[in-house]
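Q: Got a minute to go through this model with me? I'd like to start with how a pair of helices packs.

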Amino acid sequence: MRGPGKLEVWKMGFVNYLDALKLQEKLVSDRKLCRIPDTLLSLQHPPTYTLGKRRTDHNLLLPVSELKNIGAELHYTQRGGDITFHGPHQAILYPIISLREIGIGARNYVEKLESTMIELSSLYGVKACAGQKGETGVWVGERKIGAIGVRISYGITSHGLAYNIDPDLKYFKHIVPCGITDKEVTSLRRETATVLPAEEVIQEQLISCFARLFGYSTVTWKENPSMFSDHESID
């Protein structure tokens, strides 16, 4: 075991959900074989609903046949957690990191993801906190501002967190977010009195919070990396 060293950040812009899923699978394989350093994907998705491995379809509140009418897709995943929404104006981080090498367990990992979003919120005067027992993610009072759903395979992480900067909150009306009833979803724009900078600035602040909380000594950046270069046989 050693402490965190180098983190490579891929700034990817908008990525189709299935493409991002395939890329994560390849990077997890490469990380297991020590072919790559700890890697953090920073991106956004087109409107997409995802279900975790518990397959809680009942928390999708409209027929699948109607998703196309609202411009959204539905995908099933092997992450933990319940149904959630990903879309424009939401900052998504997918860490592909070795928990064994940095010496933390699964619970501590999730707590650090929560702290990443809590710290970002505090930069804009928003007091956020981790959910109560059974309530995953990060909350502002009774309103959810950030979701977490992770997968850990042989100590290597994938999937991650989604932080609401200013998404269209109407999409959340079609689901029971993370399976928790009678709770609202909110966003940074809705909660802060501060004029927000460009979303890219907020995304970089989120990355900086992540790197600091996980203790990385070196952070390198890849701007708009080609997803499949140097990663053969993605399909």
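Q: So which residues in H3 meet which ones in H5?
A: Tyr109, Lys112, Leu113, Ser115, Thr116, Met117, Glu119, Leu120 and Leu123 in H3 meet Ile202, Gln205, Leu206, Cys209, Phe210, Arg212, Leu213 and Phe214 in H5, where contact means heavy atoms within 4.5 Å. By class, that's eleven nonpolar, three polar and three charged residues. Mind that this is a predicted model, where local features need pLDDT of at least 70, side-chain atom pairs count only at pLDDT 80 or more, and totals for chains, interfaces and linings use all residues. Residues are numbered from 1 along each chain as its sequence is written, and side-chain values use heavy atoms, with hydrogens and water left out.

Q: What's the angle between H3 and H5?
A: About 135°, with the axes 9 Å apart.

Q: Cys209 sits in that contact, so is Cys209 buried or exposed?
A: Cys209 counts as buried because its relative accessibility is 4% (buried is under 20%, exposed over 50%, partly exposed in between, with a 1.4 Å probe and protein chains only).

Q: Why no bond from Cys209 to another cysteine?
A: The closest cysteine sulfur, in Cys129, is 17 Å from the sulfur of Cys209, so that's too far. A search of the whole structure turns up zero disulfides, a disulfide being a pair of cysteine sulfur atoms within 2.5 Å.

Q: Switching topic: where is Cys34?
A: In the loop between helix H1 (17-32) and strand S2 (38-44). Cys34 counts as exposed, at 55% relative accessibility, and its phi is positive, near 60°, though it's not a glycine.

Q: And what about phi of Tyr154?
A: Also positive, about 50°, and Tyr154 isn't a glycine either. Tyr154 is in the loop between strand S9 (143-153) and strand S10 (156-164), and counts as exposed at 65% relative accessibility.

How values were computed
Axes fitted to C-alpha atoms, helices over the stretch in contact; angles between N-to-C directions. Helix = DSSP H or I, 4+ residues; strand = E, 2+ residues; numbered from the N terminus. Nonpolar A, V, L, I, M, F, W, Y, C, P; charged D, E, K, R; others polar.
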